[in-house]
Amino acid sequence: MKVTVFGIGYVGLVQAAVMAEVGHDVICIDVDQDKVDKLKEGQIPIYEPGLTPLVTSNYEAGRVDFTTDAAKGIEHGEVIFIAVGTPPDEDGSADLKYVLAVAETIASHMDSHKIVINKSTVPVGTADKVSAKISETLAKLSKSVTYDVVSNPEFLKEGAAVNDCMRPDRIILGTDSELAEKKLRELYSPFNRNHDKIIVMDIRSAELTKYAANCMLATKISFMNEMSNLAEVFGADIENVRRGIGSDPRIGYQFIYPGCGYGGSCFPKDVQALARSATSAGYKARVLEAVEEVNYAQKEKLFEYISRHFSGDLKGKTVALWGLSFKPNTDDMREASSRVLMERLWDAGASVKAYDPEAMEETQRIYGSRSDLELMGTKEAALEGADFLVICTEWQVFKAPDFDLLKEKLSLPLLFDGRNLFEPARMMEYGLHYYAIGRGLSVKEQ
Ligand SMILES: NC(=O)c1ccc[n+]([C@@H]2O[C@H](COP(=O)([O-])OP(=O)(O)OC[C@H]3O[C@@H](n4cnc5c(N)ncnc54)[C@H](O)[C@@H]3O)[C@@H](O)[C@H]2O)c1
């Protein structure tokens, strides 16, 4: 099938690559000429496991191409995906300017029936806005061409995006058009062989399903973080509590890890956007507002521990920081907890020696060169000359460090762990002063 994808980001590029892999003929369009040029030279703009070979092999085989030429892409695709960003507006609601700009571009160039598929995460009612933008533009140009607008939200997880797109849990199709449903069933049939994963529904429900999924996951995290704070207040250990509640199959073990807050390009903005669109519709989304508030406070947690430990005097301290990306297996730094921590440390007069397996370039891009940030080539190098260690991201390579080396390199035997990777009792045996999230007992004992 001939497919066009607008937006070569985490969603657009991965979707394009997996669709090309199964044999569809894909053109990707982006406004970023530099990104397009680099992709044509085999340089992949993001880190995502398994993505580079998938993109390069399909590009070489001629099944996927990259261009800034929108007219070419629109002529090519019978189905056209919109996978551009929907960043937060000033008040936190989703900014639809990129989505609507693409809708206008599609209408300006289309000369035959198109199925326009919204893959970006967008507020309920956006398909109607896209539809209105297309008809308005067609009318202005006195063109009479038919089209369908479908909501097909994306559920991939950064760090596992290729696998998620190859083997999706579900494929949500929000449409009232039989033709669009038939075409999309055909498009997705290579990913739908084991059992039927396609769930067809009305467009507004599909749009809300995406937000509901992300908000549910964010709620689980904020709920556990709230429990971790209570564990500290009451002198309990959240890791025992986690195992205790996870064993109930109605709750389950997944996604109930306490930590130093959620980040990334989706949860923070989607919780905010749904809460804001609820407010605009005259409904106060109390749970969502609380989820956001808890997360905001949780991102301050590591700095609070550190500051309390040093009685607020961090001037001149050097902090080794392991983990910069918002979660493992990605280089994405959007809303990462590490950013809040680094900024607080800098404000307090400390400097940071950081290491991350993939997000160093992105950190450099965001913060540029500054005297209080050194990006180190290895996790061991980050310890060199540092006073203590903080862990912000649970990359596998941080899970079994050489604790003797750690003690030898750091000027203080002190570890702040934002992801609860270690057992407090073991840390005590190693002679390390260990802070973790919500493990009140262990902190109190020391
Ligand atoms: N990143 C994720 O994990 C994820 C998962 C599910 C859904 N989503 C949603 O998918 C959407 C895209 O997210 P992303 O992370 O891939 O974004 P991204 O920022 O990585 O990529 C967006 C791309 O769109 C391009 N673009 C902007 N305007 C354009 C235009 N007019 N024409 C062509 N290209 C244009 C940008 O240059 C950029 O390359 C968002 O709505 C997001 O919420 C993201």
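The following exchange concerns a predicted model of a protein and its ligand.

Biologist: On what basis are the values given?

Modeller: Residues are numbered from 1 along each chain as its sequence is written, and side-chain values use heavy atoms, with hydrogens and water left out. In this predicted model, local features need pLDDT of at least 70 and side-chain atom pairs count only at pLDDT 80 or more, whereas totals for chains, interfaces and linings use all residues.

Biologist: What radius of gyration does the protein have?

Modeller: The radius of gyration is taken over C-alpha atoms, and the globule rule is 2.2 Å times the number of residues to the power 0.38. With 446 residues, a compact globule would come near 22 Å, and the protein agrees with this, having 24 Å.

Biologist: How many helices and strands make up the secondary structure?

Modeller: Both are DSSP runs numbered from the N terminus: helices are H or I with at least four residues, and strands are E with at least two. Counted in this way, the protein has 19 helices and 14 strands.

Biologist: How many residues surround the ligand?

Modeller: A residue is near a molecule if one of its heavy atoms lies within 4 Å of it. The closest are Asp-30, Lys-35, Thr-86, Glu-158 and Lys-269. The full number surrounding the ligand is 26.

Biologist: Which atom of the ligand lies 2.6 Å from a polar side-chain atom of Lys-35?

Modeller: A polar contact here is a pair of N or O atoms within 3.5 Å. Val-11 offers a polar backbone atom 2.9 Å from an oxygen atom of the ligand, and Ser-265 has a polar side-chain atom 3.3 Å from a nitrogen atom of the ligand. For Lys-35, the partner is an oxygen atom.

Biologist: What share of the ligand's exposed area does the protein bury?

Modeller: Accessible areas come from the Shrake-Rupley method with a 1.4 Å probe. Taken alone, the ligand exposes 840 Å². Of that area, the protein buries 88%.

Biologist: How many disulfides does a search of the whole structure find?

Modeller: A disulfide is a pair of cysteine sulfur atoms within 2.5 Å. Cys-215 is in none, as the nearest cysteine sulfur, that of Cys-266, is 11 Å away; for Cys-392, also in none, the nearest is that of Cys-260, at 4.6 Å. The search finds zero.

Biologist: Is Cys-392 buried or exposed?

Modeller: Buried means under 20% relative accessible area, exposed over 50%, and partly exposed in between, with a 1.4 Å probe and protein chains only. The relative accessible area of Cys-392 is 2%, so Cys-392 is buried.

Conventions. Polar contact = N/O pair within 3.5 Å; in protein donor to acceptor, adjacent residues only side chain to side chain.
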